[in-house]
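Please look over the sequence and the model shown here before reading on. The report that follows describes how some of the strands are arranged and paired.

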Amino acid sequence: MTTPLSKHLHALINATGPISVHRYMSEALMHPDHGYYRKRDPLGAKGDFITAPEISQIFGELLGLWLADRWEAMGRPDPVRLVELGPGRGTLMADAVRAMAVVPGLAQALDIHLVESNEALRKAQGKKVKAQWHDRFADVPEGPTLLVANEFFDALPIYQFVRTASGWAERHVTSDGKGFDWCLGPASAQAALIPETLQTVEEGALVELCPAALSITDEIAKRINSHGGAALIIDYGYDQSAAGETLQAIRRHQRVDVFHKPGESDLTAHVNFDHLSQVAQQAGAQVEGPVTQGDFLRDLGIEIRAALLCRRATEKQACDIKAAVRRLTAPDMMGILFKAMAIQPGDGPTVEAEAETSGAEPVQADASESPDV
């Protein structure tokens, strides 16, 4: 079906020739007038997808306790930048800040910064947390930094390269004026960033590359190495570089064709944690993980927190809480596909995701409210 963005893309390709997958994804997601992430709120049951913070308050609370533990390990700097990349509706940040408030002095030290370009989401975030907003991480003031990025890197535009008999070719998008299709063209300079482990893949193999993710990871690692802090990246992806296509489109919680309603369907690709880890270490930072989201949340005490909430919940609420925990941790749901990776200064202590180091006493929810799920 034709959309305002698809009309723009047909005209663009007609004028300039086939465009890279990176250009197609960038236009579909971030076009100033018709891009998917520019105006709309894509989250929730009425949107196209739901993220972990919207599934259960426990997710954000546990991440808040992990961040609080890192603040203690840093020597309790005041102020400390608390940064979230792609903060959705602000749910994760609100839950994390509530949990962090149990640590004396931390709430007063927090200087909150949200990296978000979506106007609708900025308004939603502003209702839940007091913060400063930025379009780019580079615009966040320097200083000791605690950073979290949950399902941020998967939405960054990628390049796709195909191994041919004569070397690398780049996958492009072409148009006949009515629909879109794939074609191959000369490889761009970005092909030089393909990891060495993938340089010898068999003919016909497809490799994805996300320079934006590498650049942002480099910025984060250098910031933390210079000013102290810790970063936690949680996303779906793979922990070893591998060939294969992961680009997908989601609309109304269902997978659809990548060319379905450009500008009105979400486009994502799996995160290459191995590549991010290499970049962070090259910048001088220390990397822990990735580990599966299920293992990470269990080590942080998700079952303990869930049990505490269930004590004062109705029977239905308790069932919902248990279902939410399963969704976040079960191998056949989000538990294995999603990974967690930490970045900290190269000379810092090892980051341990253990319940006893992140608050053995689970944060107490406001007794005046019913448990969220």
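In the hairpin of strand 11 and strand 12, two residues lie between the strands, and R252 has a positive phi near 50 degrees. This is a predicted model, in which local features need pLDDT of at least 70 and side-chain atom pairs count only at pLDDT 80 or more, while totals for chains, interfaces and linings use all residues. Residues are numbered from 1 along each chain as its sequence is written, and side-chain values use heavy atoms, with hydrogens and water left out.

Helices (H or I, at least four residues) and strands (E, at least two) are DSSP runs numbered from the N terminus, and two strands are said to pair if DSSP finds at least two bridges between them.

**The sheet around strand 11**

Strand 11 (residues 248-251) belongs to an open sheet of three strands, whose order is 12-11-13 and whose pairing is antiparallel. Strand 12 and strand 13 are the edge strands, each of them pairing on one side only. From one strand to the next the twist averages 40 degrees, where axes are lines fitted to C-alpha atoms, for helices over the stretch in contact, and angles run from 0 to 180 degrees between N-to-C directions.

Three bridges connect strand 11 with strand 12 (residues 254-256), and R251 has Q254 as its bridge partner there. Three bridges also connect strand 11 with strand 13 (residues 266-268); in that pairing I250 stands opposite D266, whereas A249 has L267 as its bridge partner.

In a regular strand the side chains alternate between the two faces of the sheet. Both faces of strand 11 are covered, since Q248 and I250 on one side and A249 and R251 on the other are all buried, where buried means under 20% relative accessible area, exposed over 50%, and partly exposed in between (1.4 Å probe, protein chains only).

**Strand 7 and its partners**

Strand 7 (residues 167-175) is largely enclosed by the rest of the structure, because seven of its nine residues are buried. Its antiparallel pairings are set out below.

| Partner of strand 7 | Bridges | Example of facing residues |
|---|---|---|
| Strand 1 (residues 19-20) | two bridges | I19 and V173 |
| Strand 6 (residues 159-164) | four bridges | V162 and A169 |
| Strand 8 (residues 180-186) | seven bridges | G185 and E170 |

Two of these pairings involve hairpins: strand 6 is joined to strand 7 through two residues, while the hairpin of strand 7 and strand 8 has four residues between the strands, with G177 taking a positive phi near 95 degrees.
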